[in-house]
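Visitor: I should like to understand how the terms used for a protein model are justified. May we go through them one at a time?

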Amino acid sequence: MSTTITAPTPDQLNGLVTPYLNAQPEGLAFAIGYATGTNAFEPGVYTNGSVFDQYNHNLELGVNTYFELGSLSKTFTATLCAFLGEKYNRTWETQTISEYNINVGSQFDPIPLKALANYTSGLPADNVSGKIVTLPKYLPWPYYPAAMLGYLNGVGTATWKPTDIGKAYTYSNLAFSILAQLIPQFHGSTASEDLAELVASWVFGPLLMQNSYYFGDILLDTLPVGYTYSSPSSFSPAAPGHNVFPAYYGGGGVVSTPSDVLTWLQFNMGMLKNNPLYPILEKTETPSTKVTTPNGGQMGLGWFLDNWTTPQITVLNKDGSLAGYNSFMLFVDWVGTAVPSQAGVFVLTNSDGLTNGSESAVQYIAQSVLKIMLGV
């Protein structure tokens, strides 16, 4: 791998997004952020495309345009958990749900809090096709945390219960949503606050991410219309948000801007050493379990760690998908090296279902940009 990290050029970035923009010339947008911890160049954000609001008015596309982040939100939940755990509750990783005052059925009691944060909760996979068993038959809309907890208390083991807790990989949005209800109980001073308030105080605030919120706090006329693709040439506008919000804010509720997401990228790359959150990166970004993903990857808290063969490096990544939005963040592993990550990138778009072969468009673009930066 080259020791010289190179910034992607506008022409290179244009080449990656132009095929998609040619297929939808109006209303589709991409934002790509990139950074290096080597000081070879300044972090940057590239945008291309156009965005409209619900009333078909043009919105300015730039570093302050809002995008729904989807499951990239899990990294915020995990970071808050690790930080408040270190500050107030040093034993949280060995605690189970049974040790908390929460209205759920006894079948969930054995789940460790760490398993909720590292994809080994044993809860049924809820990002796959087929019948979703983790939601009420008659789903309230909006779905509030109290309703979610009441459902989990009444569902009964005959309907479903966790299996292979801590022993198998299961991608569960519900796991992070339950964790979000437990974090406020880490300390008496935080017990009256919910996830959105705690993230604003302890994560967004210290990082000066002043344009980052949870979905319910976003003015509708400032949020671009998103599009769902059923094929490369077939797309339609999508309703914003998700019908399981706000109960599932811990799994996918953050709305942010390219400027703020660039800050989040730099923070997780270890580039903001003076931030009070910095010390917990060693916990969130290192393997937290011996369980691996189906492709052999490892799992931190919220993050996935995958080994590349070309070049031979370990990268951390997390994707996000909601109706009308996709996100992907990717950076070179750095924890334990005493220096920040060599290179990192994120991609945001107001679309879902766009692909490049078997990969989502945002994943393909992010990987391509990272390889450009690494000179491979």
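Guide: Certainly. This is a predicted model, and we may begin with R90, whose relative accessible area is 62%.

Visitor: Why is R90 called exposed?

Guide: A residue counts as exposed when its relative accessible area is over 50%. R90 has 62%, so R90 is exposed.

Visitor: What makes E86 partly exposed?

Guide: The relative accessible area of E86 is 37%. Partly exposed covers the range between under 20% and over 50%, and E86 therefore belongs there.

Visitor: How do you know that E86 forms a salt bridge with R90?

Guide: The closest N and O atoms of E86 and R90 are 3.3 Å apart. A salt bridge requires a side-chain nitrogen of Lys or Arg within 4 Å of a carboxyl oxygen of Asp or Glu, so the pair E86 and R90 qualifies.

Visitor: What makes the contact of E93 and K283 a salt bridge?

Guide: The N to O distance between these side chains is 2.9 Å. Because the limit is 4 Å, E93 and K283 meet the requirement.

Visitor: Why is it said that this pair links distant parts of the chain?

Guide: E93 and K283 are 190 residues apart. E93 lies in the loop between α2 and α3, while K283 belongs to helix α9. As for accessibility, E93 has 22% and K283 has 28%. Both values fall between the cut-offs of 20% and 50%, so E93 and K283 are partly exposed.

Visitor: Why is K318 called buried?

Guide: Buried means under 20% relative accessible area. K318 has 0%, and therefore counts as buried. Its salt-bridge partner, D319, has N and O atoms closest to those of K318 at 2.9 Å. D319 has a relative accessibility of 36%, which means that D319 is partly exposed.

Visitor: How many salt bridges does a search of the whole structure find?

Guide: The search finds 3 salt bridges.

Visitor: Where else do K318 and D319 appear?

Guide: K318 and D319 are among the residues that lie nearest the centre of the largest pocket, which is lined by 36 residues. The volume of this pocket is about 880 Å³.

Visitor: What makes β12 notable in that lining?

Guide: β12 gives the most to the lining of the largest pocket, with 6 residues. By class, the lining has 17 nonpolar, 14 polar and 5 charged residues.

Technical notes: Residues are numbered from 1 along each chain as its sequence is written. This is a predicted model: local features need pLDDT of at least 70, side-chain atom pairs count only at pLDDT 80 or more; totals for chains, interfaces and linings use all residues. Side-chain values use heavy atoms; hydrogens and water are left out. On a 1 Å grid over the protein atoms alone, a cavity is a set of points where a 1.4 Å probe fits but cannot get out, and a pocket is an open set with protein on both sides within 12 Å along at least five of seven lines; lining residues have an atom within 4 Å of a point. Grid points are joined across faces, edges and corners, and a volume is the space filled by probe spheres set on the points. Helices (H or I, at least four residues) and strands (E, at least two) are DSSP runs, numbered from the N terminus. Ala, Val, Leu, Ile, Met, Phe, Trp, Tyr, Cys and Pro count as nonpolar, Asp, Glu, Lys and Arg as charged, and the others, Gly among them, as polar. Buried means under 20% relative accessible area, exposed over 50%, partly exposed in between (1.4 Å probe, protein chains only).
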